[in-house]
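Here's a quick look at how some strands and helices fit together in this model. Have the structure open while you read.

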Amino acid sequence: RAFLAERDHDGGWRRLGYGAAHAAVAGVATALVERGAGAGAPVLVLSDNSIGHALVALAAMHVGAPVVPVSTAYALASSTFARLRYVVDVVAPAVVYAETHGPYAAALAAVGLPPARWLDAAAVARAAAGPATARAAIGPDTIAKVLFTSGSTGDPKGVVNTHRMLTSNQEALRACWPLLAATPPVVVDWLPWSHTFGGNHNVGLVLRNGGTLYVDRGRPAP
């Protein structure tokens, strides 16, 4: 079954099945570990929702590294990168992911990590087919994510999300909506994964129940 789908350059759908995703996550985890990610060494994600973004996030959790997806506005709609620099100072990431270098070149430079610590979609695709890294010893209180608030008042606040929080949330939803067990959800969604609704509730709902998520880029398109 397809886990994720996104539009390719020709307008068709690129689909990633659950089996392929499982293998790819372990391969991408190797690339993250080689670049220094792990417990206490987070992975910062700058770019929009995508298959590459999802694989990096799941691979970070696979090796016990907190994933920190930030609003793309921090990287694309700022000339000073003040909020991005603030996030970097707070979490001290070991690795940074951006789908492509071009639009994110200035933001990647602002992060301050050397290019050897960067990942893009092409590097993720290569790593996905490479050697696998075994899952780390992850417990309920292992940090899965740090999500930053919008910063509408003062600096953005980093909110710790543990694996217990993510899984408990999904078990509660499954208890409320037993229909999910009979009919795996098919979701078309644009909500950013830098926030809890899109990144935790919606992605988790699909993953927990074996559904399919079609990634909508969130901007008007044919």
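## The E9–E10 pair

Strands E9 and E10 (residues 212–215) run parallel and are joined by four bridges. Within this pairing, Val186 sits opposite Thr212 of E10. Keep in mind that this is a predicted model.

## The whole sheet

Zooming out, the sheet is an open one with four strands in the order E2-E1-E10-E9, and its pairing is mixed. Which strands stand at the edges? They are E2 (13–17) and E9 (186–189); each has a single partner strand, so one side of each has no neighbour in the sheet. From one strand to the next, the twist averages 15 degrees.

Helix H1 packs on this sheet, where it touches strand E1 (2–7) as well as E2. The direction of H1 makes about 75 degrees with that of E2.

## H1 meets H6

H1 (residues 18–34) also has a helix partner: its axis and that of H6 (residues 121–128) come within 7 Å and cross at roughly 115 degrees. Angles of 65 to 115 degrees count as roughly perpendicular, and H1 and H6 are therefore described that way relative to each other. The crossing of H1 past H6 is right-handed.

Who makes the contact? On the H1 side there are Ala23, Ala24, Gly27, Val28 and Ala31, while H6 brings Val124, Ala127 and Ala128. Sorted by class, the H1 contact with H6 has seven nonpolar residues, one polar residue and no charged ones.

How values were computed:
Residues numbered from 1 in each chain as written. Predicted model: local features only at pLDDT ≥ 70, side-chain atom pairs only at ≥ 80, totals over all residues. Heavy atoms only, no water. Axes fitted to C-alpha atoms, helices over the stretch in contact; angles between N-to-C directions. Helix = DSSP H or I, 4+ residues; strand = E, 2+ residues; numbered from the N terminus. Parallel < 35°, antiparallel > 145°, perpendicular 65-115°, else oblique. Left-handed = near helix turned anticlockwise from the far one by under 90°. Contact = heavy atoms within 4.5 Å. Nonpolar A, V, L, I, M, F, W, Y, C, P; charged D, E, K, R; others polar. Pairing = 2+ DSSP bridges.
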